[in-house]
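Work through the exercises below with the structure open beside you. Each task is followed by a worked solution.

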Amino acid sequence: MPAGLLAQSSPDASARLAALEASTQAAQSAGDNAWMLVASALVLMMTGPGLALFYGGLVRRKNVLATMMQSFILMAVVTMLWAVAGYSLAFGGSSPFIGNLHFAFLHNVGGAPNPDYAPTIPHQTFMVYQLMFAIITPALISGAFAERMKFSAMLLFTILWSFIVYCPMAHMVWGKGGLLNAFSGGVIPCLDFAGGTVVHITSGVSALVCALYLGRRLGYPAVPMKPHNLVLSFVGACLLWVGWFGFNAGSALAASSLATSAFVATHFGAAAAALGWVCAEWIHNGRPSVLGAISGSVAGLVAITPASGFVQPFPALFIGLAAGFFCYFMVVSVKKKFGYDDSLDAFGVHGSGGTLGALLTGVFATSAVNGGLKDAAGRALPLGLVDGRASQVLNQAIGCAIAWGLAAIGTLLILKICDAAVGLRVSKEQEMEGLDLSLHGEEGYIFES
Amino acid sequence: MKKIEAIIQPFKLDEVKEALKAIGIDGMTITDVRGHGRQKGHKEVYRGQEYNVDLLPKVKVELVVPDNRCQEVLHTLAASARTGKIGDGKIFVYEVGEAVRIRNDDRGESAL
């Protein structure tokens with residue numbers, strides 16, 4: 001540009017520069033927000049229909065609707081809780097353990113971004129995205145008490161569980177100033193990209209406590225309790241796989257290269273785990289089953305969740321493969337050995353896979369993928385063992401221990417309250433008749449009409 | 001008149017139907033049933049949980065034929081339903097006292 005022209009335009013140059021900056025920000029915000037709204041919808045799709053179909057197919061025919069209802073009703077119930085106080089207790093304030101009531105009734109949650117969490121998207125987008133996580137987490141637990149818990153007890157349980165277990169854990173790991181939040185000055189910096197501790201360990205361990213507290217289903221394991229429709233489960237698992245891209249890649253909170261990296265790691269983890277479970281089954285049992293393949297893919301998705309935004313593709317394959325073998329072992333051998341009736345293996349898949357993934361995140365996390373942790377000079381800090389920082393594995397173990405402890409103690413307490421208030425189990429007659437008829441007054445399959 | 005009740009392998013149903021049609025037998029009633037004779041069941045495994053399934057799916061074919069065609073039908077049925085392996089099924093034959101065509105009250109063999 002000729003010098004004269006530059007001089008001529010200088011009076012309004014700063015105004016034009018400001019306009020340019022604003023429009024650049026608006027363009028980035030539009031891109032990020034578009035992706036995050038899609039990601040939010042994908043995560044909701046994981047609960048309904050994904051998890052509802054996956055679990056619904058695994059139970060007996062007489063309980064298919066009741067099981068699907070346990071997932072679906074949480075889409076409504078947790079949304080209410082989240083609006084009133086849940087979001088605020090998870091993401092308000094900056095204390096180490098739990099949020100405050102700053103965002104109660106979604107006060108102060110509007111179109112302007114919240115720079116503490118996601119500076120390029122509306123605060124409401126962040127809020128609704130996190131809501132989808134709060135919905136699916138208690139829905140995962142329902143796999144442990146399927147086919148025998150009262151609907152009223154399940155509702156009360158979920159309401160208390162969301163406040164007592166989920167909100168504190170989410171705040172500790174992801175909330176500003178949280179005890180375990182590596183990116184916000186946590187005392188014990190723990191890496192959990194999309195919810196290995198917050199979602200899968202809490203739900204999986206709570207599931208185990210529920211299975212132990214409620215006891216086995218009538219007749220288990222002598223009476224056959226085959227999955228009534230593996231086709232439903234198959235469709236559900238495929239929807240979970242796709243939805244998980246929103247879960248993990250969306251946790252980048254932007255349409256960034258980090259989102260791509262998490263997307264790739266997620267897919268690789270699921271693929272390797274499907275193969276891992278199928279191989280374990282083929283070797284151990286002589287036949288590769290469809291249920292094994294889909295269970296394996298879910299186990300891999302669980303295990304890669306905490307690692308997805310920190311690891312490169314080949315470590316992701318390794319984490320998936322390990323999860324496939326490990327969760328097979330947990331579901332097939334450990335469950336049989338101890339005799340607990342974790343009906344749909346919520347603990348075997350989510351508790352075990354989540355813990356394995358959280359620990360392996362400490363091994364494979366690298367600043368080459370995620371440079372979010374910076375020193376004073378702005379240089380990316382090393383993350384995991386592969387970066388030469390072995391201590392991160394210990395941090396991860398402490399994070400897991402806190403998640404296990406909170407989930408176990410919190411769930412036990414909540415179960416005792418629910419037991420005293422409404423009673424946990426349906427009557428023997430109701431259990432034999434099936435929950436669809438006895439609790440909901442309807443049947444899943446009516447062939448004569 | 002004889003009533004022929006054949007319990008056969010489900011995958012043999014089409015072959016049986018075609019064979020009966022070829023000898024001019026059109027009417028029959030088909031039911032999905034479960035059961036077992038000497039055939040042992042099979043094992044199914046879901047996430048390591050083993051189940052022995054001894055009641056296996058079969059198809060029951062029922063038809064009523066004139067006395068003079070009974071042997072021919074039995075022969076055709078057995079030949080078309082046979083694989084030679086255990087689990088092929090069984091055929092039972094009963095005497096029939098009367099037959100009525102509901103549409104026009106035809107009786108006996110002319111009702112078939």
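**Exercise 1. Place a proline in its loop.** Locate A:Pro221 relative to the helices of chain A, then describe the peptide bond before it.

Solution. The model is predicted.
- Step 1: A:Pro221 sits in the loop that runs between helix H6 (196-214) and helix H7 (230-249) of chain A.
- Step 2: Its peptide bond with A:Tyr220 is cis, and omega is about 0°.
- Step 3: A second cis bond leads from A:Gly48 to A:Pro49, with omega near 10°. A:Pro49 belongs to helix H2 (residues 13-58) of chain A.

**Exercise 2. Check a helix by its length.** Compare the expected span of helix H3 (residues 64-91) of chain A with the span in the model.

Solution.
- Step 1: At 1.5 Å a residue, a straight helix of 28 residues would span 40 Å.
- Step 2: Between its end C-alpha atoms, H3(A) spans only 35 Å.
- Step 3: Look for a bend. H3(A) bends by about 70° at A:Trp82.
- Step 4: Go on past the end of the helix. Just after H3(A), A:Gly93 has a positive phi of about 65°.

**Exercise 3. Find the two sides of a helix.** Test helix H2 (residues 70-81) of chain B for length, then sort its residues into buried and exposed.

Solution.
- Step 1: H2(B) has 12 residues, so at 1.5 Å a residue it should span 16 Å. Its end C-alpha atoms are 16 Å apart, which agrees.
- Step 2: The buried residues include B:Val73, B:Leu77 and B:Ala81. They cover an arc of only 45° around the axis, so they lie on the same side of H2(B).
- Step 3: Turn to the face away from that buried side. It carries the exposed residues B:Gln71, B:His75 and B:Ala79.
- Step 4: Ask what the buried residues pack against. The partners in chain B are strand E1 (2-8), helix H1 (13-22), strand E5 (56-65) and strand E6 (89-95).

**Exercise 4. Judge two positive phi values.** For A:Phe105 and B:Arg47, give the phi angle, the location and the burial.

Solution.
- Step 1: A:Phe105 is not a glycine, yet its phi is positive, near 55°. It is found in the loop between H3 and H4 of chain A.
- Step 2: A:Phe105 has 12 other C-beta atoms within 10 Å, so it is exposed.
- Step 3: B:Arg47 also is a residue other than glycine with a positive phi, here near 50°. Its loop lies between strand E3 (42-46) and strand E4 (49-53) of chain B.
- Step 4: B:Arg47 counts as buried because it has 21 C-beta neighbours inside 10 Å.

**Exercise 5. Trace distant partners of one helix.** Which residues do A:Ser203 and A:Val209 contact, beyond four places in sequence?

Solution.
- Step 1: A:Ser203 lies in helix H6 of chain A. With 30 C-beta neighbours inside 10 Å, it counts as buried.
- Step 2: Its contacts are A:Thr137, A:Pro138, A:Leu140, A:Ile141, A:Ala346 and A:His350, leaving aside neighbours within four places.
- Step 3: A:Ser203 and A:Ala407 are 204 residues apart in sequence, but their C-alpha atoms are 7.5 Å apart.
- Step 4: A:Val209 lies in helix H6 of chain A. It counts as buried, with 21 C-beta neighbours inside 10 Å.
- Step 5: Not counting residues up to four places away, A:Val209 touches A:Ala408, A:Thr411 and A:Leu412. Its C-alpha atom is 9.0 Å from that of A:Leu415, 206 residues away along the chain.

**Exercise 6. Map the cores and the contact.** How many residues does the largest nonpolar core have, and how many does each chain give to the contact?

Solution.
- Step 1: The largest nonpolar core has 150 residues. A:Leu240, A:Ala307 and A:Ala323 have the most contacts inside it.
- Step 2: Helix H4 (residues 123-145) of chain A gives this core its largest share, 15 residues.
- Step 3: Another core lies apart from it, with 10 residues, among them B:Ala6, B:Val61, B:Val73 and B:Ala81.
- Step 4: The contact takes 12 residues from chain A and 7 residues from chain B. On the chain A side, H10(A) gives the most, with 3 residues.
- Step 5: By class, that side has 6 nonpolar, 3 polar and 3 charged residues.

Technical notes. Residues are numbered from 1 along each chain as its sequence is written. Chains are lettered from A and ligands numbered from 1 in the order in which they are written. This is a predicted model: local features need pLDDT of at least 70, side-chain atom pairs count only at pLDDT 80 or more; totals for chains, interfaces and linings use all residues. Two residues are in contact if their C-beta atoms, placed from the backbone, lie within 7 Å. Helices (H or I, at least four residues) and strands (E, at least two) are DSSP runs, numbered from the N terminus. Ala, Val, Leu, Ile, Met, Phe, Trp, Tyr, Cys and Pro count as nonpolar, Asp, Glu, Lys and Arg as charged, and the others, Gly among them, as polar. The expected span of a helix is 1.5 Å times one less than its number of residues. A residue is buried if 20 or more other C-beta atoms lie within 10 Å of its own, exposed if 12 or fewer, and partly exposed in between; C-beta atoms are placed from the backbone. The arc is that of the directions from the helix axis to the C-beta atoms. A nonpolar core is a set of buried Ala, Val, Leu, Ile, Met, Phe, Trp, Tyr and Cys residues joined through C-beta atoms within 7 Å. The bend at a residue is the angle between axes fitted to the seven residues ending there and the seven starting there.
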